[in-house]
Amino acid sequence: TPSHLNYELAPVAKRLVSVLATLGEYPYIRYYSPPTPTITPASSNGPLVEKFSRLVQDELDELARIDKSFPPQTTFSRAILLIVDRGLDVVAPLVHEFTYQALVNDYLVLEDGNKIVNRSDDDKVAVLDETDKIWVSQKYKHIAEVLEFVSDGIKKFSSENKAAAFVAGGSRNNDKIAELKDTLGALPEFLEMKAKYSLHSNMCEDCMAILGKYNHMALSNVEQ
């Protein structure tokens, strides 16, 4: 019913406007409205995406009315917010996603959505957030690219970090005092990055093991 539809859409519109307000954006709203709507019942006064777009527009207009500082002054042109519904692409939700973040969420056990046990670091709990540079740079990439990145990163770090080179036995510095000083100075970074690389190496291995167990890569060929 229209009342139930508003109950579902109104909170989402408010959250979206909250994001826009934080960004200082008061955009033009454009939406995709198919000729024959298939999702919204006839009693709801128009396609779903149109109804949602109007709710967002009303919320933005109300914010601008009560807050005279919104939108803030800017030298940039006014943004355009494009709103579409899943009717524009009905296949995507049914297709397996092979990016790193998607596989981690689908295959591995996470606590609170971003915490995972690092079995290579005394079972300490690692947090997958903005402080993890590897996670930030690789989470949207295909798992094959991540595997290559982690492998190359481990090799590069092992050769460049003094502590890593010392552990590997590759140092040939004849000045033992200077060598020890350099090694100790590089030790904190070594311990931190060792934990990070071991974590992501294990995560990639676990994801690939599950991919292979259920033969999802072959399934992707059918999907595509």
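Which side chain meets that of Asp132 in a salt bridge? In this predicted model, the partner is Lys196, with 3.9 Å from N to O. The legends below begin with an overview and then turn to individual sites, this pair among them.

**Figure 1. Overview of the predicted model.** The protein comprises 8 helices and 4 strands. Followed along the sequence, these elements give the pattern α-β-α-β-α-β-β-α-α-α-α-α. Of the 224 residues, 31% are buried. Where contacts join residues at least 6 apart in sequence, 72% of them link residues at least 24 apart. The exposed area of the protein is about 14,900 Å², of which carbon and sulfur atoms supply 56%. Across the whole structure, 6 salt bridges are found, together with 2 aromatic pairs.

**Figure 2. The salt bridge between Asp132 and Lys196.** Asp132 belongs to the loop between E4 and helix H4 (133-138), whereas Lys196 belongs to helix H7, so the pair ties together parts that are 64 residues apart in sequence. Asp132 is buried, at 0% relative accessibility. Lys196 is likewise buried, with a relative accessible area of 19%.

**Figure 3. The salt bridge between Asp206 and Arg119.** The two side chains meet at 2.9 Å, N to O. Asp206 is placed in helix H7 (residues 176-214) and Arg119 in the loop between strand E3 (115-118) and E4; the pair therefore ties together parts that are 87 residues apart in sequence. Asp206 is partly exposed, its relative accessible area being 27%. Arg119 also counts as partly exposed, at 48% relative accessibility.

**Figure 4. A salt bridge within helix H2, formed by Arg54 and Glu50.** The distance from N to O is 3.2 Å. Both residues lie in helix H2, separated by 4 residues, or about one turn of the helix. How does the exposure of Arg54 and Glu50 compare with the limits for burial? Arg54 is partly exposed, with a relative accessible area of 48%, while Glu50 counts as buried because its relative accessibility of 18% falls under 20%.

**Figure 5. The aromatic pair of Tyr26 and Phe70.** The rings are tilted, with 40° between their planes and 5.5 Å from centre to centre. Distant parts of the chain are linked by this pair: Tyr26 comes from the loop between helix H1 (2-23) and strand E1 (28-31), and Phe70 from the loop between helix H2 (48-66) and strand E2 (80-83), 44 residues apart. Both Tyr26 and Phe70 are buried.

**Figure 6. Arg78 over the rings of Tyr26 and Tyr28.** The charged end of Arg78 sits over the ring of Tyr26, at 4.7 Å from the ring centre. Arg78 also lies over the face of Tyr28, where the distance to the ring centre is 4.2 Å.

**Figure 7. A nonpolar surface patch that includes Leu82.** The patch covers about 370 Å² and is made by Tyr32, Leu82, Val84 and Leu88. Leu82 is located in strand E2. This residue is exposed, with a relative accessible area of 59%.

**Figure 8. The surroundings of Ala126 in strand E4.** Strand E4 spans residues 124-127. Ala126 is buried, having a relative accessible area of 15%. Leaving aside residues up to four places away in sequence, Ala126 touches Asn114, Lys115, Ile116 and Leu199. The C-alpha atoms of Ala126 and Ala195 are separated by 9.0 Å, although these residues are 69 apart along the chain.

Methods:
Residues are numbered from 1 along each chain as its sequence is written. This is a predicted model: local features need pLDDT of at least 70, side-chain atom pairs count only at pLDDT 80 or more; totals for chains, interfaces and linings use all residues. Side-chain values use heavy atoms; hydrogens and water are left out. Rings of Phe, Tyr and Trp (its six-membered ring) pair if their centres lie within 6.5 Å; planes under 30 degrees apart count as stacked, over 60 as edge-to-face and the rest as tilted. Helices (H or I, at least four residues) and strands (E, at least two) are DSSP runs, numbered from the N terminus. Buried means under 20% relative accessible area, exposed over 50%, partly exposed in between (1.4 Å probe, protein chains only). A charge sits over a ring if NZ of Lys or CZ of Arg is within 6 Å of the ring centre and within 35 degrees of the ring normal. Patches are made of residues with over 30% relative accessible area and no salt bridge: like charges are joined within 9 Å, nonpolar side chains (Val, Leu, Ile, Met, Phe, Trp, Tyr) within 5 Å. Accessible areas come from the Shrake-Rupley method with a 1.4 Å probe; for residues, only the protein chains shown count as cover. A salt bridge is a side-chain nitrogen of Lys or Arg within 4 Å of a carboxyl oxygen of Asp or Glu. Contact means heavy atoms within 4.5 Å.
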